[in-house]
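User: I'm new to reading protein structures and I'd like to go through one step by step. Could you take my questions one at a time?

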Amino acid sequence: MADIASTDAPAAALAIGEVDDSTARLHRNLMIGIAAALVIAPFVAYPVFVMKVLCFALFALAFNLLLGYGGLLSFGHAAYFGMASYVSAYTAKHWGLTPELAILAGTGIAALLGLAFGALAIRRQGIYFAMITLALAQMAFFFSLQTPRFTGGEDGIQAVPRGKLLGLFSLADDRALYWLVAAVFMGGLLLIYRVIHSPFGQVCKAIRDNEPRAISLGYRSSQYKLAVFVLSAGIAGLAGATKAIVFQLASLTDVHWSMSGEVVLMTLVGGLGTVFGPIVGAIVIVSMQNFLATLGAWVTVVQGVVFVICVLLFREGIVGMIAKWIKKPL
Amino acid sequence: MFELLGVPPQALFGQLLLGLINGSFYAILSLGLAVIFGLLNIINFTHGAQYMMGAFVAWMCLNYLGINYWAALLLAPIAVGITGVVIERFLLKRIAHVDHLYGLLLTFGLALIIQGLFRNNYGSSGLPYSIPAELRGGYNLGFMFLPTYRGWVVIASLVVCLATWFIIEKTKLGSYLRAATENPTLTQAFGINVPLLVTLTYGFGVALAAFAGVLAAPIYSVNPNMGADLIIVVFAVVVIGGMGSIMGAIVTGFSLGLVEGLTKVFYPEASATVIFIIMAIVLLVKPAGLFGRAA
């Protein structure tokens, strides 16, 4: 069985093999570079914009963990992102939870939702899997639409307090909040990197590339698939919950299926099945949306065009192309 | 006044009729998806946008060219079907050799483009399209009032669905099609022009969506988002029915519309999600779908 990330993106094929020393060194240097960029970023760019990019980058990383390493194209990741943002906004506003607890609550709910939806969706593969995740996510959307007492309906949950971290440090200032978001992002990135290169990640890749063979080797493939699904949903939730605290808002946009499409686009632009691609993709797409905001509905058209071009001519994505060029997995 | 299960019959039958009408649209759309999926192995995410295009072409025909409903019912599917042929020739053909999921992504991108373009030109508020004079009014059946147009929609879609089923299952062209689905290389070796068949099949599937769009135009207001949310419900219908059979698409389409209508009577809160709940249950019990063959 051939899956999307392995058959078609040459860069991903490179990523399957053992990571040799020079690659490991390259990755370590890149991590240090990213950390350095995170430290400098708020001083050269508008912190709220950088935080938005980081939240979406983490969301795209979570999505890519599932697609690139589990071979599962979920078209309903907005459900975990959006529901987590509602839970975190609600608990912070109405229960007065501190931001870190609110974010944890959102992440936990997203993981639970991922467990329920994932258990259903992994019963089918390929295109069916995509359709099922999409349909289940639409259920989450209708739930949000029809329970205004919890979600605020069309208005969403507004004026969410940023609160005090651990009850001590006020996050009202953008700079103060930025360090929390940067830490969450870096933590998420390192976690995903660790998972991908663990024995668990290797088994996931084996299942992605040839499920019957992995089963015949004695691996219970559905348990692995479910585990990677839950992990991905949880991290997507972490991103959504953090976003709710940053923008002090949780709304229907976050849980609508067009958000699921956006995260697919980010990953595709950056490079499917590459470790760092989703980050680049998120930077590109979020910046694009910011610059094109004045164009109104044309943004959708531009996004659609980018989608079509990526699928037709540019399947490796930006990072995938660089990886092919330097002949090292990124 | 008698009551059925605690619900006035007018309301019950009214909702059932509404359900049957929604079911007609589910059936035509999932049938179109099934036809396309059979030969191209692509889930046509643009299907909702193409349904919307059908409604818009009918509206344009009337308002720009003065072409009436009956002509539009024929012209709109042809026009939109031709755009489908162009899409297949220039875009889908290029990705036929790679993973099928890329087909889903490509058609998703196309849907964004088409919906965005229509939204820019016509806004999101919706345009009215009046019921043709011949189909105005209705019949009093005693237990309920049947608006003529709604009855027509149900009959027209049944006829189109059954005609499609007949073509695919009972004619020579249909047997070529089924052969090409099973084994395109071998079918080609027998001298059948499979690429042409693929192109025409996509065009036909798209035309079905557009036909549904024209039928829908007088019922719902014609607006750029009309297909976007419908298509996801249709995906759920497809999962429930299973992609294997043409009949499956038709039967599940109509019956899920009815189920949705019944839910609206007895527990309205769940009406938007009932199809997704059924999908979850079907997946637990029969992952291949009710009419599908195991993968």
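**Working through the two chains**

Of the 295 residues of chain B, 57% count as buried. This is a predicted model, so keep in mind that the values below are computed from it.

User: Let's stay with chain B. What pattern of helices and strands does chain B follow along the sequence?
Analyst: Start with the tally: chain B has 11 helices and 2 strands. Now put them in order along the sequence, and you read α-α-α-α-β-β-α-α-α-α-α-α-α.

User: What radius of gyration does chain B have, and what would a compact globule have?
Analyst: For the box first, the C-alpha atoms of chain B fill roughly 70 × 50 × 35 Å along the principal axes. Next comes the yardstick: with 295 residues, a compact globule would come out near 19 Å. Chain B agrees with that, as its own radius of gyration is 19 Å.

User: Over to chain A. What share of its residues count as buried?
Analyst: Chain A holds 16 helices and 2 strands, and its C-alpha trace spans about 50 × 40 × 40 Å along the principal axes. A compact globule of 330 residues would have a radius of gyration near 20 Å, and the 19 Å of chain A agrees with this. Of those 330 residues, the share that counts as buried is 59%.

User: In chain A, what percentage of contacts between residues at least 6 apart in sequence join residues at least 24 apart?
Analyst: For chain B, the figure for this kind of contact is 78%. Do the count again in chain A, and the answer is 80%.

User: Can we zoom in on one residue? Which residues does A:Leu72 touch, leaving out those up to four places away in sequence?
Analyst: A:Leu72 sits in the loop between α4 and α5 of chain A, and at 5% relative accessibility it counts as buried because the cut-off is under 20%. A:Ile122 is 50 residues away along the chain, yet the two C-alpha atoms are separated by 8.6 Å. With the sequence neighbours set aside, the residues that A:Leu72 touches are A:Leu66, A:Leu67, A:Ile122, A:Phe129 and A:Lys225.

User: Now some charges. How many salt bridges does the structure hold over all chains?
Analyst: One of them joins A:Arg208 and A:Asp209, with the closest N and O atoms 3.1 Å apart. Another is in chain B, where the side chains of B:Glu88 and B:Lys93 meet at 3.7 Å, N to O. Counted over all chains, the number is 5.

User: In that A:Arg208 and A:Asp209 pair, which partner is buried and which is partly exposed?
Analyst: Buried means under 20% relative accessible area, so the 2% of A:Arg208 makes it buried. A:Asp209 has 24%, which puts it in the partly exposed class. So the buried one is A:Arg208, and the partly exposed one is A:Asp209.

User: How far apart along the chain are A:Lys243 and A:Asp254?
Analyst: Their side chains meet in a salt bridge at 2.8 Å, N to O. The pair links distant parts of the chain, with A:Lys243 in helix α12 and A:Asp254 in the loop between α12 and α13. Both ends count as buried, A:Lys243 at 11% and A:Asp254 at 4%. Along the chain, they are 11 residues apart.

User: And the B:Glu88 and B:Lys93 pair: what is the relative accessible area of B:Lys93?
Analyst: B:Glu88 is the buried end, at 2%. B:Lys93 is partly exposed, with a relative accessible area of 33%.

User: Let's look at a pocket. Which helix gives the largest share of the lining of the second largest pocket?
Analyst: That pocket has a volume of about 960 Å³. Of its 35 lining residues, the closest to the centre are A:Thr253, A:Ser258, A:Met259, A:Glu262 and A:Gln289. By class, the lining has 16 nonpolar, 12 polar and 7 charged residues. The largest share, 6 residues, comes from α13(A).

User: Last one. What is the phi of A:Gln248?
Analyst: Most residues other than glycine have a negative phi. A:Gln248 lies in the loop between α12 and α13 of chain A and is partly exposed at 31%. A:Lys327, in the segment after α16, is another non-glycine residue with a positive phi, near 55 degrees. For A:Gln248, the phi is positive too, at about 55 degrees.

Technical notes:
Residues are numbered from 1 along each chain as its sequence is written. Chains are lettered from A and ligands numbered from 1 in the order in which they are written. Side-chain values use heavy atoms; hydrogens and water are left out. A salt bridge is a side-chain nitrogen of Lys or Arg within 4 Å of a carboxyl oxygen of Asp or Glu. Buried means under 20% relative accessible area, exposed over 50%, partly exposed in between (1.4 Å probe, protein chains only). Helices (H or I, at least four residues) and strands (E, at least two) are DSSP runs, numbered from the N terminus. On a 1 Å grid over the protein atoms alone, a cavity is a set of points where a 1.4 Å probe fits but cannot get out, and a pocket is an open set with protein on both sides within 12 Å along at least five of seven lines; lining residues have an atom within 4 Å of a point. Grid points are joined across faces, edges and corners, and a volume is the space filled by probe spheres set on the points. Ala, Val, Leu, Ile, Met, Phe, Trp, Tyr, Cys and Pro count as nonpolar, Asp, Glu, Lys and Arg as charged, and the others, Gly among them, as polar. The radius of gyration is taken over C-alpha atoms; the globule rule is 2.2 Å times the number of residues to the power 0.38. Contact means heavy atoms within 4.5 Å.
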